[in-house]
Amino acid sequence: MADSAEITRQAKSNLAFALQILPKERRDGMVTFYAFCRVVDDLADDTDRPLPEREAGLLAWKDGLENGFQNPDPLQTEVVEMMRRYEIPVELLTAIIEGCRMDLRPQRFGTWEDLSQYTWKVACAVGLASLKVFGATDPASERYAVALGHALQLTNILRDVGEDLSNNGRIYLPLADFARFQYSERDLIGRVYDGRFVAMMAYQADRATAFYQEAVAAMPKGDARALVPAEIMRSIYQTLLEKMRKDGFKVFHQRYKLSKARKMAIFSKHLLRLGSAA
């Protein structure tokens, strides 16, 4: 298995981009944590491997974190050391694994409350663990991380509607909201793009925007420097959400993203704020 730095480099994700602003020691810790998240997520999504094998792999990670790895590979050794160094509760990492296990079998979410249990595992738990590595210490930062986690994952869900349909027919949007806009699951599978679909997507986008606003309101001033990487992520994904909204959520046939120049502008803005605060 590639080491954590190589896994992160190959991923070319927005989070990997945002981590550049961290001091080296904390950046190394987040690179390890990101690599863990990437590996378990890729394990769940690897359709070239039989489902029982993928589930066994995830359960092996969970058991190793809870009870100790018998013959740890380099990444597992790094992850255990990271958890020890930054005092990250094992329950946060096992929650991420449980979220990945939820993706092994296509399922439906009846309400936002149902979906939020999934987004908490795959995104909020990630944020709460990241706080430890970032060096955030104010308890209010936990409220920030949870709200931001829901917002980021909702943005991902909206961006990936078309891709998820092509991946074993995954649907994450709450079924109650389909009924609200008289748009059916069959319509979505048929990729029906009309006013009902746009209205339903806008409704989800409003929910995500409310969580972004909640995160901003909750962020304590004392942790502002520590949370700069998270704020870069917030700015990138909130900008992406508004790009989708302005374009009418044409997610069936394209994947929305920001240009590198746009992301660099966001990065530079936060870097300047960091310098001013110093």
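Start by selecting Glu87, which sits in the loop between helix H5 (74–86) and H6; the model is a predicted one. Although Glu87 is not a glycine, its phi is positive, at about 55 degrees. With the surface switched on, Glu87 is exposed, with a relative accessible area of 63%.

From that loop, move on to helix H6 (residues 90–102) and display it together with helix H3 (residues 24–45): their axes come within 9 Å and cross at roughly 25 degrees. Because angles under 35 degrees count as roughly parallel, H3 is described as roughly parallel to H6. The crossing in which H3 passes H6 is right-handed. To see the side chains involved, select Phe33, Phe36, Cys37, Val40, Asp41 and Ala44 in H3, and then Leu93, Ile96, Ile97 and Cys100 in H6, which they meet. Sorted by class, the contact of H3 with H6 consists of nine nonpolar residues, no polar ones and one charged residue.

Next, turn to a second helix pair, made of helix H12 (residues 195–218) and helix H13 (residues 228–246), which pack at an angle of about 155 degrees with their axes 11 Å apart. H12 and H13 are therefore roughly antiparallel to each other, and H12 passes H13 in a left-handed crossing. On the H12 side, select Ala202, Ala205, Asp206, Ala208, Thr209, Tyr212 and Val216, and on the H13 side Arg234, Tyr237, Gln238, Leu241, Glu242 and Arg245, since these residues make the contact. The residues of the contact of H12 with H13 divide into seven nonpolar, two polar and four charged.

Then select Phe249, in the loop between H13 and helix H14 (260–277). Phe249, too, is a residue other than glycine with a positive phi, of about 55 degrees. Is Phe249 buried or exposed? At 1% relative accessibility, Phe249 counts as buried.

For the last part of the tour, colour the aromatic rings. The count of aromatic pairs comes to 12. One pair to centre on is Phe109 with Tyr118, whose ring centres are 5.7 Å apart and whose planes stand at 45 degrees, so the pair is tilted. Both Phe109 and Tyr118 are buried, and a clipped view may help to show them. Finally, select Phe178, Tyr183, Tyr193, Phe197 and Phe252, which together form one aromatic cluster.

Terms used
Residues are numbered from 1 along each chain as its sequence is written. This is a predicted model: local features need pLDDT of at least 70, side-chain atom pairs count only at pLDDT 80 or more; totals for chains, interfaces and linings use all residues. Side-chain values use heavy atoms; hydrogens and water are left out. Rings of Phe, Tyr and Trp (its six-membered ring) pair if their centres lie within 6.5 Å; planes under 30 degrees apart count as stacked, over 60 as edge-to-face and the rest as tilted. Buried means under 20% relative accessible area, exposed over 50%, partly exposed in between (1.4 Å probe, protein chains only). Axes are lines fitted to C-alpha atoms, for helices over the stretch in contact, and angles run from 0 to 180 degrees between N-to-C directions. Helices (H or I, at least four residues) and strands (E, at least two) are DSSP runs, numbered from the N terminus. Angles under 35 degrees count as roughly parallel, over 145 as roughly antiparallel, 65 to 115 as roughly perpendicular and the rest as oblique. A crossing is left-handed if the near helix is turned anticlockwise from the far one by less than a right angle, and right-handed if clockwise. Contact means heavy atoms within 4.5 Å. Ala, Val, Leu, Ile, Met, Phe, Trp, Tyr, Cys and Pro count as nonpolar, Asp, Glu, Lys and Arg as charged, and the others, Gly among them, as polar.
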